[in-house]
Amino acid sequence: MTDLSVPPSSSTIANKLPPQRWQIAAAQPELAQSIAAALELSPLMAQVLLNRDLTDLEQIQAFLNPESLPLPSPLAEFSDLPLSLELLINTINNRQRIAICGDYDADGMTSTALLMRALRALGARVDYAIPSRMAEGYGINQRIVDEFYEEGVGLILTVDNGIAAHAPIAHARELGIAVIITDHHDLPPTLPDANAILNPKRLAETSPYRGLAGVGVAYILAKSLAQSMGSSLELGDSLLELFTLGTIADLAPLTGVNRRWVKQGLQLLAKSKLTGVQALIQVSGLSGEKDLKPEAIGFRLGPRINAVGRLADPQIVIELLTTDDMGTALERAMQCEQINQQRQRLCEEIEQEAVAICESGEFNIQRDRVLVVVQPGWHHGVIGIVASRLVERYGVPVFIGTYEDEGQQHIRGSARSIPEFHVFEALEFCQDLLEKHGGHRAAGGFSLKAANLDALRSRLSEFACQCLQPEHLKPLVKIDAEASLSQIDFALYHQMEALQPCGVENPEATFWSSQIRIHEQKRIGKGHLKLTVSQHQGDATEQPPRRFCAIAWRWGDYYPLPPVLDLAYRLRTNEWNGEVSLQLELVGSRPVAVTTFPTPDPPTTFVHEERSYACKLVEAATGKELRIRNAQGKVLTIQQGQRWGWLTKGPGDRVQVDVSQPYYFNLIKAALIALEGEGKQGSGVGNQRWE
């Protein structure tokens, strides 16, 4: 029976678009219009605010002006904070040594530097240690505790770690050393026997401090200590800068006090008084920027800090962020730059190898719903970044690991997730197979014996199948509203700036527009696309539609994109030769669904191989299109002069087909004959143009 399904003999290629699922927020036009009128905003901006559960004018005003709301005292929120301050003050006054045990990521290193600066300014005798990523892994350990004891340390202060370190902390207490844990990771079933524990996960869900990263807890401790000791702490701005760097680099939620304080800190960073930050801005190419946004830290400053902890000695970053000597700062900043370049090369190599493994046929994502990839020779320090890229590519939770020893008996790994999958709960589900594990909803780390790898893979798949449905297994693009490109202007862009600082749990506004025509496209850099686009207006008498430049990061594999698409994007500005222009940053694409014929002219009907069809010539954004529909509603769309056409079976279900194949060729020829018989083929369009 003849049908528009793809016949076995025909040549079909995959739709060359990023595999995605779009989640478009429900439009609330009446409420959006009311808010827009009351606050003199664009209805698009009002819809974006509604999407963030800001439904009344008081809530919106508080969100747009976060400093207007009073904050509860940290002393009332953190039950162990008064005891922590008492321990620190007594230790400082008694001239006992304080030791900070930090972590080797950006959050841990900025936390360590922040407390080093604050405690030194308050007269403390303080030093620090950070475990070796390669030799020891995450968190305080017995070696560090023993070294602190030998050095006469009276108080250990953990930052960004310690909440699950039962044995090392018990060992420290046995040696007579007091311990204060400052951490933000998820709480284990039982807490370590520390003297005091400061962790925002112990607070109520409604607390504005709930989303603090490790550096946020360190910041509160430092500020509270200075106030308790009667010090004005002139380093206040410097500490706020370090808080801002660490919070953004750790991908902490930009809600509550994080959003409030990061907004203040971003105003300071561009003109930083910290010598090390000045040097880092210089080597990162951000000198001269009037203000910095979270993406400047997330993609420029943060990676240079993180790279050191991944591949080299964290002492480089601690010295960078605590020195007041510009010569030392520039030397350390250049080291960060060189190490980050090495990190980029390693990530590219490992990602290529990981993709090859994932696409070798060994994995069945629909069945397993999780990727567990382990390979010898990969660098422990960067596999977490590669895991994030695999999540972006495949849309499933990724657990990636490498062997710790030449005998390949032990594995250490990192995990990254999608919104519907909780990494820490998954690791807890597998805890009997693991030697160590930790993390939170979106990311985690783990180690295990190699002999348990198959069992771990099976157990993680079991957990994934409990919480993930097949429709979850594509990268998610969350979209605020549909917009016409005619609505995109600087007035809208400046309104969207009021959402800043944007990041985790406070995303930037994302819009989508239909039937975007791609005029030009080319590969740039390392796997990116640059495009010139406009939106078809549907009226040939109008002025030519405005064209926008668009950037699609890491879309090089999808080049060339089809000539007409629905696109999802965020607003950006681009400055060139003193002129500032609006630019679209693409985050999503999908085929333009064609399931009906335009009105008012009725289509032409015809019969081919005993099956009924309807066809029509349509003026589309890229020229004439021939559309053929069968009785089941499937539509074949052929652009004039093109070998490849599109077969649409329904919204979002579209494949590209070779219309030179006999099956399609004969069908198209029959349609053109039918159109010619009714005189609907159009002037200057002969059969040869379609063949």
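Pro501 sits in the loop that runs between helix H20 (490-496) and strand S15 (511-524). In this predicted model, the bond that ties Gln500 to Pro501 is a cis peptide bond, with omega at about 0°. A second cis bond turns up between Tyr559 and Pro560, this time with omega near -5°. Pro560 also belongs to a loop, the one between strand S17 (548-552) and strand S18 (564-576). As background, most peptide bonds are trans, and most residues other than glycine have a negative phi. Arg95 goes against the phi part of that picture: it is not a glycine, yet its phi is positive, at about 60°. Look for Arg95 in the loop between helix H5 (81-93) and strand S3 (97-101).

Next come the helices and how they pack. Two packed helices are described by the angle between their axes and the distance between the axes. Helix H10 (residues 236-249) and helix H11 (residues 256-269) have axes that come within 8 Å and cross at roughly 115°, so H10 and H11 count as roughly perpendicular to each other. Their crossing is left-handed. On the H10 side, the contact is made by Asp237, Leu240, Glu241, Phe243, Thr244, Leu245, Thr247 and Ile248, while H11 brings in Asn258, Trp261, Val262, Gln264, Gly265, Leu266, Leu268 and Leu269. Sorted by class, that contact between H10 and H11 holds nine nonpolar, five polar and two charged residues.

H10 has another partner in helix H13 (residues 294-311), and here the axes lie 9 Å apart at an angle of about 90°. H10 and H13 are therefore roughly perpendicular as well. Thr244, Leu245, Ile248 and Ala249 make the contact from H10, and they meet Pro294, Ile297, Gly298, Leu301, Gly302, Ile305 and Asn306 of H13. The class count for H10 with H13 is seven nonpolar residues, four polar and no charged ones. Thr244, Leu245 and Ile248 of H10 thus appear in the contact with H11 and again in the contact with H13.

H13 in turn packs against H15, with the two axes 8 Å apart and an angle of about 75°, which makes H13 roughly perpendicular to H15. From H13, the residues involved are Pro303, Arg304, Ala307, Val308 and Leu311, and from H15 they are Cys336, Glu337, Ile339, Asn340, Gln342, Arg343 and Leu346. Seven nonpolar, two polar and three charged residues make up this contact of H13 with H15.

What about H15 itself? Helix H15 covers residues 326-358, and at 1.5 Å a residue its 33 residues should span 48 Å; the C-alpha atoms at its ends are 46 Å apart, so the two values agree. At the start of H15, Asp325 offers a side-chain oxygen that reaches to within 3.3 Å of the backbone nitrogen of Gly327.

Notes:
Residues numbered from 1 in each chain as written. Predicted model: local features only at pLDDT ≥ 70, side-chain atom pairs only at ≥ 80, totals over all residues. Heavy atoms only, no water. Helix = DSSP H or I, 4+ residues; strand = E, 2+ residues; numbered from the N terminus. Expected span 1.5 Å × (residues − 1). Polar contact = N/O pair within 3.5 Å; in protein donor to acceptor, adjacent residues only side chain to side chain. Axes fitted to C-alpha atoms, helices over the stretch in contact; angles between N-to-C directions. Parallel < 35°, antiparallel > 145°, perpendicular 65-115°, else oblique. Left-handed = near helix turned anticlockwise from the far one by under 90°. Contact = heavy atoms within 4.5 Å. Nonpolar A, V, L, I, M, F, W, Y, C, P; charged D, E, K, R; others polar.
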